[in-house]
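Reader: I would like to learn how local features are read from a model of this kind, taking one feature at a time. Could we begin with the backbone and work towards the metal site?

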Amino acid sequence: MIEILSPSELPRARAAGALVADILQTLKGRATVGTNLLDIDRWAETAIVEAGASSCYVDYAPSFGRGPFGHYICTSVNDAVLHGLPHDRALAEGDLVSLDLAVSLDGVVADSAISFVVGESRPPESVAMIEATERALAAGIAAAGPGARVGDISYAIGSVLSEAGYPVNTQFGGHGVGSTMHQDPHVANAGRPGRGYTLRPGLLLALEPWVMAGTAELVTDADGWTLRSATGSRSAHSEHTIAITGDGVEILTVPTTARS
Ligand code: MF3
Ligand code: CO
């Protein structure tokens, strides 16, 4: 199903987007060497509850996971790239962490992910990988707008990732967002321009480029959720929820502090 929000619903989508973005920035600021992934999960839970929002994850039981997720945020470290189930594990200097958070506020969902390196080190391969997903996300957003096609976004994202030297996996990608987290249309991270659903004002999309160094093959962790690089190589993920407007695109998951 594809949901189109009415103009009167857009303020609620903005509020949900700001909440998700602000929580992610706060968690990034607190996550440091020695931080346990379960602490990050608890902080996320507290922030969601305090805001009067609800988690899209805790009861989520899709076909690609084992039972309800049971946690409030995805914490994917190093070779873990998507759906990282929080475990009793402390972050170490140089770990590449992806945090992915989706909540529902006043009936509207926002979904966003950020990747960063823990501590003071800046391993060039990790930084390059994170920046490639951020550039791909920006290119996908630039290709969106009323009248554009889903394939235009997929092509833009895939081109940036491929040109940066990363094989692209099309099993998991972006998606429509609305009153629930995962809706149509699916937005693959590679595709052909001019194909697919035509974007309309009021459509919310989560765009989420992700890559693994040197491979496109995923393996599922023994926890039944966490998806890892098949070769154990590092990985990164960036995600925004955007709204298609009458004359362009609005990025909903921008932190309050970064708004002009
Ligand atoms: N928010 C993720 C996405 O970007 C989905 C996570 S599902 C979970 O689409 F159950 F693993 F949390
Ligand atoms: Co998503």
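Reader: In this predicted model, is Asp106 buried or exposed?

Author: A residue counts as exposed when its relative accessible area is over 50%. Asp106 reaches 55% relative accessibility and therefore counts as exposed. Its place is in the loop between β4 and β5 (108-117), and its phi is near 50°, a positive value in a residue other than glycine.

Reader: What is the general background against which a positive phi should be read?

Author: Most residues other than glycine have a negative phi, and most peptide bonds are trans. Beside Asp106, one may set His83, whose phi is near 60° and is likewise positive in a residue other than glycine. His83 sits in the loop between β3 (80-82) and β4 (96-105), but at 14% relative accessibility it counts as buried. As for the peptide bond, a cis bond joins Asp184 and Pro185, with omega about 0°, and Pro185 lies in strand β7 (residues 183-187).

Reader: Which residue just after α2 takes a positive phi, and which one does so just after α4?

Author: Just after α2 it is Gly52, with a phi of about 75°, and just after α4 it is Gly165, with a phi of about 95°.

Reader: Turning to helices, how many residues does α2 have, and what span should they cover?

Author: The idea is to compare an expected rise with the distance between the end C-alpha atoms. Helix α2 (residues 37-50) has 14 residues, which at 1.5 Å a residue should span 20 Å, and because its end C-alpha atoms are 20 Å apart, the two values agree. At the N-terminal end of α2, Asn36 acts as a cap, with a side-chain oxygen 2.9 Å from the backbone nitrogen of Leu38.

Reader: Which residues of α2 are buried, and where do they fall when seen down the axis?

Author: The buried residues are Leu37, Ile40, Asp41, Trp43, Ala44 and Ile48. Seen down the axis of α2, these buried residues fall within an arc of 160°, so they line one face of the helix. They pack against α1 (10-30), β1 (54-55), β2 (74-77) and β4, while the face turned away from the buried side carries the exposed residues Val49 and Glu50.

Reader: How many of the residues of α4 are buried?

Author: In α4, 11 of the 14 residues are buried, so this helix is largely enclosed by the rest of the structure. Among them are Val150, Ile153, Ile157, Val160 and Leu161, and the buried residues of α4 pack against α3 (124-143), β7, β8 and β9. The length check can be repeated here, for the 14 residues of α4 (residues 150-163) should span 20 Å at 1.5 Å a residue, and the end C-alpha atoms are 20 Å apart, which agrees.

Reader: For a residue in a loop, which contacts does one list, taking Thr245 as the case?

Author: One leaves aside the neighbours within four places in sequence, and Thr245 is then in contact with Pro146, Pro201 and Glu250. Thr245 is found in the loop between β13 (240-244) and β14 (249-251), and at 16% relative accessibility it counts as buried. Ala90, found in the loop between β3 and β4, counts as partly exposed at 44% relative accessibility. With residues up to four places away not counted, Ala90 touches Gly34, Thr35, Asn36 and Asp95.

Reader: Finally, which residues coordinate the cobalt ion (ligand 2), and at what distances?

Author: The residues are Asp111 (OD), His175 (NE2), Glu208 (OE) and Glu239 (OE), at 2.1 to 2.2 Å. Along the chain, the donors follow the spacing D-x63-H-x32-E-x30-E. The pair of His175 and Glu208 links distant parts of the chain, since His175 is in strand β6 (residues 174-177) and Glu208 is in the loop between β8 (204-207) and β9 (210-212), 33 residues apart. Both count as buried, His175 at 4% relative accessibility and Glu208 at 8%.

Reader: What do the angles among the donor atoms say about the site?

Author: The angles among the six donor atoms run from 53 to 176°, and the site of the cobalt ion (ligand 2) is irregular.

Technical notes:
Residues numbered from 1 in each chain as written. Chains lettered and ligands numbered in written order. Predicted model: local features only at pLDDT ≥ 70, side-chain atom pairs only at ≥ 80, totals over all residues. Heavy atoms only, no water. Donors = N, O, S within 2.8 Å, 3.2 Å for Na, K, Ca; no water. Tetrahedral: all angles 85-135°; square planar, octahedral: opposite > 155°, others 65-115°. Helix = DSSP H or I, 4+ residues; strand = E, 2+ residues; numbered from the N terminus. Buried < 20%, exposed > 50% of the residue type's maximum accessible area, 1.4 Å probe, protein only. Contact = heavy atoms within 4.5 Å. Expected span 1.5 Å × (residues − 1). Arc of directions from axis to C-beta. Polar contact = N/O pair within 3.5 Å; in protein donor to acceptor, adjacent residues only side chain to side chain.
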